[in-house]
Amino acid sequence: MRIDVVTIFPAFFDVLDVSLLGRARGAGILDVRVHDLRDYTQDRHRTVDDTPYGGGAGMVMKPEPWGQALDAIAADAAGPLRFVFPSPAGAVFTQGTARNWATGGEHLVFGCGRYEGIDERVFSYAATLGQVSLTSIGDYVLNGGEVAAMAMIEAVGRLIPGVVGNPESLVEESHEDGLLEYPSFTKPAAWRGYDVPDVLLSGHHGRVSQWRREQQLERTRERRPDLLPE
Ligand SMILES: OB(O)c1ccc2cc[nH]c2c1
């Protein structure tokens with residue numbers, strides 16, 4: 001799978017060289033390319049921002065460097081393009097989104113804004129090159145799109161076949177079946193006065209499965225009732 005990232009902080013994504021995603025990149029399963037937006041500026045100061053029309057605090061990211069960057073990536077597209085712009089004003093990213101993007105055969109391009117955001121016309125232009133998704137990872141505001149892009153890249157990347165060693169571990173986890181996952185335990189059976197639930201030591205797989213399902217429902221009711229089916 002091909003993923004491109006455009007950012008003014010390319011070093012932010014050095015972490016994608018480690019752990020599972022790093023190994024997947026080395027194995028050629030994931031092709032992640034990070035671009036410095038300043039490489040697409042035309043002035044000696046490599047300017048990427050300017051004051052907002054209509055006034056207001058802060059600066060807005062200029063459209064032309066983005067246009068140049070998106071054109072360069074589109075000229076080298078590895079498939080149908082989906083431009084993902086992290087934004088507090090975007091649709092919420094969910095496990096379903098991750099699954100759709102991991103299986104859709106698209107070439108994902110993450111455009112990471114900073115300052116007060118990207119000139120709105122960039123999104124309109126990007127729509128002439130491919131699908132555009134303004135996407136939020138939650139109802140809070142970060143200083144830029146990089147953390148959100150990293151989260152989405154990990155959520156999508158881990159679903160690509162071959163990235164996670166044991167694909168079965170992708171099945172029984174929170175949100176995969178619409179519920180929160182059950183609690184996990186390992187040795188020792190007794191630890192500082194806390195015991196592993198007896199059912200998990202019973203060796204009775206049917207009872208274990210039933211207990212785990214009950215735990216999922218209890219946890220979801222308690223912590224995320226919004227996830228429960230109507
Ligand atoms: O919270 B966020 O996901 C987010 C995304 C992009 C920008 C650009 C400036 N602030 C941002 C915040």
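How many residues does helix H5 have, and what span does H5 reach from its first C-alpha to its last? In this predicted model, local features need pLDDT of at least 70 and side-chain atom pairs count only at pLDDT 80 or more, whereas totals for chains, interfaces and linings use all residues. Residues are numbered from 1 along each chain as its sequence is written, and side-chain values use heavy atoms, with hydrogens and water left out.

Helix H5 (helices being DSSP runs of H or I with at least four residues, strands runs of E with at least two, numbered from the N terminus) comprises twelve residues, 146-157, and reaches 16 Å, close to the 16 Å expected at 1.5 Å a residue; the expected span is 1.5 Å times one less than the number of residues. Nine of the twelve residues of H5 are buried (under 20% relative accessible area, with exposed over 50% and partly exposed in between; 1.4 Å probe, protein chains only), among them Met150, Met152 and Ile153. The buried residues of H5 pack against helices H1 and H3 and strands E1, E5, E6 and E7, contact meaning heavy atoms within 4.5 Å.

The structure holds 13 salt bridges, each defined as a side-chain nitrogen of Lys or Arg within 4 Å of a carboxyl oxygen of Asp or Glu. In one of them, Asp177 is paired with Arg213, with the closest N and O atoms 3.5 Å apart; because Asp177 lies in the loop between H5 and strand E8 and Arg213 in helix H6, the pair ties together parts that are 36 residues apart in sequence. Asp177 is partly exposed at 39% relative accessibility, and Arg213 is likewise partly exposed at 41%.
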